[in-house]
Amino acid sequence: MPKITYIDSSGNKKTIEVQDGLTVMEGAIQNNIPGIDADCGGGMACATCHVYVKDKWLDKLSEIEDGERDMIDMAFEPKKNSRLSCQIIVSSELEGLEVTTPKKQT
Ligand code: FES
């Protein structure tokens with residue numbers, strides 16, 4: 001199972017193994033990672049799963065869809081490396097992925 005590192009806005013890290021096929025959001029929920037609430041359950045309708053993806057991983061992620069982009073535009077402090085963690089599906093290609101939660105999501 002790929003290891004995913006979740007980093008909060010203060011720099012505290014938690015690395016967990018997430019099963020292939022789950023989303024980065026689901027991995028966070030199952031492991032009580034603070035800062036990822038996922039209020040809409042992965043429906044791309046809340047942006048409470050917003051994360052910043054470390055640059056070296058951006059190319060390995062699927063293309064961002066219009067619906068995700070629209071939701072990120074409404075999120076707190078969107079950046080060019082913003083993604084919705086409910087749209088990132090874990091696979092072996094993402095071994096070592098690091099995502100950081102925004103300051104407002106604590
Ligand atoms: S869980 Fe609501 S947009 Fe990702």
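**Leucine 61 and the core around it**

Let me begin with a single residue, leucine 61, which, once residues up to four places away in sequence are set aside, touches Val53, Arg83, Ile88 and Leu94. I should say at once that what we are looking at is a predicted model, and that everything I describe is computed from it.

Where does leucine 61 sit in the chain? The residue is found in the loop between helix H2, residues 55–58, and helix H3. Is it buried or exposed there? Its relative accessible area is 11%, which falls under the 20% cut-off, and therefore leucine 61 counts as buried. For a sense of distance, the C-alpha atom of leucine 61 is separated by 12 Å from that of serine 92, a residue 31 places away along the chain.

Two of the partners I named, Val53 and Ile88, bring us to the nonpolar core, since both of them are listed, together with Tyr6, Val24 and Leu97, as the residues with the most contacts inside the largest such core, which has 27 residues. The elements that give two or more residues to this core are strand E1, at 3–7, helix H1, at 24–30, strand E3, at 50–53, and helix H3, at 66–73. Of these, H1 provides the largest share, namely three residues. As general background, nonpolar side chains in soluble globular proteins tend to be buried together.

Leucine 97 deserves a moment of its own, because, leaving aside its neighbours within four places in sequence, this residue is in contact with Lys3, Ile4, Thr5, Val24, Val53, Trp57 and Ile88. Val53 and Ile88 therefore appear in the contact lists of both leucine 61 and leucine 97.

Stepping back to the whole chain, we find three helices and five strands, and from the N terminus on these elements run β-β-α-β-α-α-β-β. The radius of gyration is 12 Å, close to the 13 Å that the globule rule gives for 106 residues, so the chain is as compact as a globular protein of that length. Along its principal axes, the C-alpha trace spans about 30 × 30 × 25 Å, and 42% of the 106 residues count as buried.

How many of the contacts between residues at least 6 apart in sequence join residues at least 24 apart? The share is 63%.

Finally, a word on the surface and the charges: the accessible surface comes to about 5,900 Å², with 45% of it belonging to carbon and sulfur atoms, while the mean positions of the 12 positive and 18 negative charges lie 8 Å apart.

Terms used. Residues are numbered from 1 along each chain as its sequence is written. This is a predicted model: local features need pLDDT of at least 70, side-chain atom pairs count only at pLDDT 80 or more; totals for chains, interfaces and linings use all residues. Side-chain values use heavy atoms; hydrogens and water are left out. A nonpolar core is a set of buried Ala, Val, Leu, Ile, Met, Phe, Trp, Tyr and Cys residues joined through side-chain atoms within 4.5 Å. Buried means under 20% relative accessible area, exposed over 50%, partly exposed in between (1.4 Å probe, protein chains only). Helices (H or I, at least four residues) and strands (E, at least two) are DSSP runs, numbered from the N terminus. Contact means heavy atoms within 4.5 Å. The radius of gyration is taken over C-alpha atoms; the globule rule is 2.2 Å times the number of residues to the power 0.38. Accessible areas come from the Shrake-Rupley method with a 1.4 Å probe; for residues, only the protein chains shown count as cover. Lys and Arg count as positive and Asp and Glu as negative; His and the chain ends are not counted. The place of a charge is taken as NZ of Lys, CZ of Arg, CG of Asp or CD of Glu.
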